[in-house]
Amino acid sequence: MLFMLMSSVGLASFGLAAEVRAVRVAQGPKIDGLLSDPVWREAAPFSGFRMAEPQPNQEPTEKTELRVLYDDTNLYIGVLCSDSEPRRIAANSLAHDSGGESQGMGYGGYGHMSQSSSDDVVRVLLDPFQNKRTAYIFFVNPRGARGEGLITEGQSSLNWDGIWEARARLLADGWSAEIAIPFKTISFRPGLTTWGLNVERTIARKLETVRISGTNRDSNFYNPMEAAALTGIEGIKQGHGITVRPYGLASAWKDSEAGAHGEKLDGGVDVYKNFTPNLVGVVSYNMDFAETEADDRRINLTRFPLFYPEKRMFFLEGSETFSFSSSVSFQPFVSRSIGLYQGQQVPVLFGTKLYGKIGQTNLAVLDAQTDKLGDLPGRNFLAARMTQNVFSESKVGWIFTNGSPTGAKNSLAGMDFQYSSSKFQGNKNIMLAAWGAYNWNEEPGRHHGFGFRAGYPNDLWNIQSTYAYYGEALDPGLGYMMRQAMQTGFLSVSFQPRPMGGFLAKVVRQFFFSASGDYYWDLSGNLESSQISLSPLAFRTPGGEQFSFNVSPHREVLTADFEVAKGVVLPPGSYRFTNYSLNFNSATHRALTFQVGESLGQFYSGHYNETTAGLTIKVKGYANLTFNADLVRGRLLQGNFSENVYQLKADFFLSPDLGLMNYIQFDDISNQLGWSARLRWQVSPGNDIYLVYNKNWERRWDPTSRFYPLEQRGVLKISLSIRP
């Protein structure tokens, strides 16, 4: 064991691929967050962690030890995190999926200042197929708050919720964590004795990240190509590969304006079946999304729709494969188009999914049937996506969708190719992509679109570029499209040096200088919009504070009247204006954090200013209070306007398994106040009880200024997981 430990440390010290050995035991340890169980002594501690940030491949400032065990049913990972200043350990959250962001960003993640970590955290990347492309991610903080997700092509996604267990403890000289991952939860290649493994520890107050592998400046923790080897796993079984997830709920609702109310008892079930170790089929009957968090309210001063992310778990699972190599302005499939129509929830009667891998082929198929809602009849929606792995990190694929929330005829087919490499010029990241799509619908005009992307996402230099062409009849029924009948070009160059010594290095960790241009032309080549963004000064301090100053010249050519705010209509014409913005964010690992931002300058025919402010108070993970405000004032020749959004999040936890989350929002655009409260109790992994309450009010001035109740709904939901 001593030789194994010395070898592991030596390999890491010389920057070679590390190796960690898993030890088989008759019975695993009790998961209580302490590594005091005698069975942990059977595994040699791996302590060959090296620093990835701020000094790549250097000796960490604090010691970290890793142990790996397994028995017939579980993989066990124990991590001991020594700390010379245990009172300064950041442990601010008990919420699920908090702390999922690695400081080694995914491809394209450089070029802007990501938020510093709010907690000390341990992250585990696991590649049980050794395919160097996809992996699982598990993470836990010193309070035992845990999260999990999937990794695909260097990007992490928290869209997967697995059944596993983790505990952590604060100690007199640091903290420790125990993780138990059932083999029934993950897919793996039978008979494979070497898996991919990477473990990362973040020390939030120091902005320090240490890993067992992938410690160069441009290394990406979420790239399985960077993982070390986990050896010694033999004779394990996944089980029957069947999971049944029934749910039952009782709900009551009231519509104060209509004078109506009602109660309902309901239920449904999801059945998961692993046809192969990495191909999953799902059948869902009578879906319900009562526990889904409400969307953020935003101010939109553009002529185009905003994009909102999917939050419903049935549609999130396996959604990574649907990712298409187009630009942010066009996505051929967005699952929010299913079960949501003009802000209303449409009942989803059933859905089926097939997702996973067959050899080097990635597959995702989704079919869903909605029920009628008022005058809106039921619809069927289909989306299918397949990609083939080529080269070491690249892919080629196709996508097909059929259906539209309106019921209009709409089908789309597309193809894409993406070349990615993390070994360009030795250890740099590069990405090249091309795509094309054709849309069958009843609209006149050109139904096709195509585009190209290129990126060089690295720590010192980050370069991103895009060109796309969208025909006037390209309008995906199940997708998102910001602007039709358009050509767009984008180029961004960021230079991000780090002071190497002297006084400057004491106050600045890294500078972020950037320049970008975003252009939109009509199909005849006439410019309709342009925005140049210049960041002459932006930096992060060694403590995690962030500051940025930006200048943004705009040009907008309006071809028709544009109502920028209620009652303020801009006539057609060409407008040039320049904005300036200042932003400051305090370090998120502190118990009290805040952010302020101010944008001001010209805006179309006049001027505007936008003030954003946020304040967060954290009470050792047991309470998190966050208040945000976005205030906009416009003074134009056509009239003045004021738009404001206020948000309050108040989360209270007794443990990582029991918490009450409150989200209160008000905007004076709709004049509606909304309150969403969710109590979640995870009785055991995979078995949850939810108590959800939503209520909305409208502010009116007739006859007096007050809030009038609109609708309210309460739900009690019990969800189980049964795995034979």
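Contact here means heavy atoms within 4.5 Å. Keep that cut-off in mind for the whole tour, and remember that you are looking at a predicted model.

**Stop 1: Thr578**

Start by selecting Thr578, which sits in strand β37 (residues 573-585). Is Thr578 buried or exposed? Its relative accessibility is 19%, so Thr578 counts as buried, the cut-off for that label being under 20%. Now show what surrounds Thr578: leaving out residues up to four places away in sequence, Thr578 touches Val551, Ser552 and Pro553, and also Leu600, Gly601 and Gln602.

**Stop 2: the largest nonpolar core**

Next, select Leu66, Leu75, Leu126, Trp195, Leu197, Ile212 and Leu230. The largest nonpolar core has 41 residues, and these seven touch the most other members. To see where the core comes from, colour β4 (64-70), β5 (74-82), β6 (121-127), β7, β10 (165-171), β11 (174-182), β12 (194-203) and β14 (228-231): these elements each give two or more residues to it.

Zoom in on Leu230. Which residues does Leu230 touch, not counting those up to four places away in sequence? The answer is Val20, Arg21, Ala22, Val68, Leu126, Thr193, Thr194, Trp195 and Leu197. For a second, separate core, select Val282, Phe315, Phe324 and Ala364, which are among its 30 residues.

**Stop 3: an open sheet**

Switch to a cartoon view and follow β2-β4-β5-β11-β10. These five strands, in that order, make an open sheet with mixed pairing. At its edges are β2 and β10, each of which pairs on one side only. Inside the sheet, look at β5 and β11: the two run antiparallel and are joined by nine bridges. To pick out a bridge, select Asn74, whose partner in β11 is Pro182.

**Stop 4: Val39**

Go to the loop between β2 (23-24) and β3 (50-53), where you'll find Val39. Val39 has a relative accessibility of 10% and therefore counts as buried. Setting aside neighbours within four places in sequence, Val39 is in contact with Val25, Gln27, Gly28, Pro29 and Leu69. For a sense of scale, draw a distance from Val39 to Thr370: the two are 331 residues apart along the chain, and their C-alpha atoms are separated by 52 Å.

**Stop 5: β22, β23 and β24**

From Thr370, move to β22 (residues 361-370), which runs antiparallel to β23 and is joined to it by nine bridges. Select Leu366 and you'll find Ala383 of β23 standing opposite. Then cross to β24 (residues 394-402): nine bridges join β23 to β24, and this pair is antiparallel. Here Gln388 stands opposite Val396 in β24. The hairpin of β23 and β24 has three residues between the strands, and in this hairpin Phe391 takes a positive phi near 55°.

**Stop 6: backbone oddities**

Some background before the next selections: most residues other than glycine have a negative phi, and most peptide bonds are trans. With that in mind, here are a few places to check.

- Asp97 is in the loop between β5 and β6, and its phi is positive, near 70°.
- Leu207 belongs to the loop between β12 and β13 (208-211). Its phi is positive too, at about 50°. Leu207 is also buried, with a relative accessible area of 1%.
- Glu53 and Pro54 are joined by a cis peptide bond, with omega about 10°. Pro54 lies in the loop between β3 and β4.

**Stop 7: the second largest cavity**

Finish with the cavities. How many cavities of 30 Å³ or more does the structure hold? There are five. Load the second largest, which has about 810 Å³ of space. To centre your view, select Tyr136, Leu150, Asn278, Val280 and Tyr355: of the 43 lining residues, these are the closest to the centre of the cavity.

For the walls, show β7 (134-140), β8 (146-152), β15 (242-255), β16 (260-276), β17 (279-285), β21 (348-358) and β23 (380-390), the elements that give two or more residues to the lining. Two of those names should look familiar: β7 also gives two or more residues to the largest nonpolar core, and β23 is part of the hairpin with β24. Now colour the lining by class, and you'll get 15 nonpolar, 17 polar and 11 charged residues.

Terms used:
Residues numbered from 1 in each chain as written. Predicted model: local features only at pLDDT ≥ 70, side-chain atom pairs only at ≥ 80, totals over all residues. Heavy atoms only, no water. 1 Å grid on protein atoms, 1.4 Å probe; cavity = no way out; pocket = protein on both sides within 12 Å on 5 of 7 lines; lining within 4 Å. Points joined across faces, edges and corners; volume = space filled by probe spheres on them. Helix = DSSP H or I, 4+ residues; strand = E, 2+ residues; numbered from the N terminus. Nonpolar A, V, L, I, M, F, W, Y, C, P; charged D, E, K, R; others polar. Buried < 20%, exposed > 50% of the residue type's maximum accessible area, 1.4 Å probe, protein only. Core = buried A, V, L, I, M, F, W, Y, C linked by side-chain atoms within 4.5 Å. Pairing = 2+ DSSP bridges.
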